[in-house]
Amino acid sequence: MITIKNAKAYFETTLDFENDKVATIWEKFKVFCREDIQGEEEKEILFECGVFKFTGEKMLHFNFVRQFTKYEDDEYGGMEQLHCEFLFEYTKEVKRLKATEWSMDYESLDEFFAAVEDLKAFQKVLQLTPIKRELYQEEV
């Protein structure tokens, strides 16, 4: 059984995060998003892309996120997010790429995934090579 606590470890077993292409990780992330997680009431998936200075310098951030809302005895117990984050060099070619999509805004995961894949930002970034990758899970 996959739990919120072991979600990252489980997902890591399905890929070679440091070597798989971004498109391959996206495909494996979609499969992972369909998996049931113990204690999860709703699947909450986020795709975001944009130029930010979180690292101290402008970089293109390309992020797949699965958010877990935790409940304890039917009371809200917090949230955790599992991030597949890719950082790309800032260039004129990427400076205007920006997108944020939540799965809850769509009727189904299939519709959400299709909408993300149709985004210009998504298609453009899949052609690039990231300079940094991070896979992490955190409380938010």
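A nonpolar core is a set of buried Ala, Val, Leu, Ile, Met, Phe, Trp, Tyr and Cys residues joined through side-chain atoms within 4.5 Å. The exercises below concern a predicted model.

**Exercise 1. The core**

Determine which residues of the largest nonpolar core touch the most other members, and which elements supply the core.

Solution. Step 1: the largest nonpolar core has 35 residues. Step 2: within this core, F29, F47, F62, F64, C84 and F86 touch the most other members. Step 3: at least two residues each come from the helices α1 (7-12), α2 (22-34), α3 (109-118) and α4 (120-125), and likewise from the strands β1 (44-52), β2 (59-72) and β3 (75-89). Step 4: α2 provides the largest share, six residues. Step 5: take C84 and set aside residues up to four places away in sequence; C84 then touches F11, F17, I25, F29, F62, N63, F64, E134 and L135.

**Exercise 2. The sheet**

State the strand order of the five-stranded sheet, and explain why one side of β4 and of β5 is left without a neighbour.

Solution. Step 1: the order is β4-β1-β2-β3-β5 in an open sheet, with antiparallel pairing. Step 2: β4 (99-102) and β5 (132-139) are at the edges and have a single partner strand each, so one side of each lacks a neighbour in the sheet. Step 3: with direction ignored, neighbouring strands are turned by 15° against each other on average. Step 4: for the antiparallel pair of β1 and β2, nine bridges make the connection. Step 5: V51 is placed opposite L60 in β2.

**Exercise 3. Helices on the sheet**

Identify the strands across which α2 and α3 lie.

Solution. Step 1: α2 lies across β1, β2, β3 and β5, and runs at about 15° to β2. Step 2: α3 lies across β1 and β4, and its angle to β1 is about 15°.

**Exercise 4. Aromatic rings**

Classify the pair of F52 and F54, and give the exposure of both residues.

Solution. Step 1: a pair of aromatic rings is described by the distance of the centres and the angle of the planes. Step 2: a search of the whole structure yields 19 aromatic pairs. Step 3: in the pair of F52 and F54, the ring centres are 4.8 Å apart and the planes stand at 15°. Step 4: planes under 30 degrees apart count as stacked, and the pair is therefore stacked. Step 5: F52 has a relative accessible area of 30% and is partly exposed, whereas F54, at 65%, is exposed.

**Exercise 5. A charge over a ring**

Locate the charged end of R66 relative to the ring of F32.

Solution. The charged end of R66 sits over the F32 ring, at 5.1 Å from the ring centre.

Key
Residues are numbered from 1 along each chain as its sequence is written. This is a predicted model: local features need pLDDT of at least 70, side-chain atom pairs count only at pLDDT 80 or more; totals for chains, interfaces and linings use all residues. Side-chain values use heavy atoms; hydrogens and water are left out. Rings of Phe, Tyr and Trp (its six-membered ring) pair if their centres lie within 6.5 Å; planes under 30 degrees apart count as stacked, over 60 as edge-to-face and the rest as tilted. Buried means under 20% relative accessible area, exposed over 50%, partly exposed in between (1.4 Å probe, protein chains only). A charge sits over a ring if NZ of Lys or CZ of Arg is within 6 Å of the ring centre and within 35 degrees of the ring normal. Helices (H or I, at least four residues) and strands (E, at least two) are DSSP runs, numbered from the N terminus. Contact means heavy atoms within 4.5 Å. Two strands pair if DSSP finds at least two bridges between them. Axes are lines fitted to C-alpha atoms, for helices over the stretch in contact, and angles run from 0 to 180 degrees between N-to-C directions.
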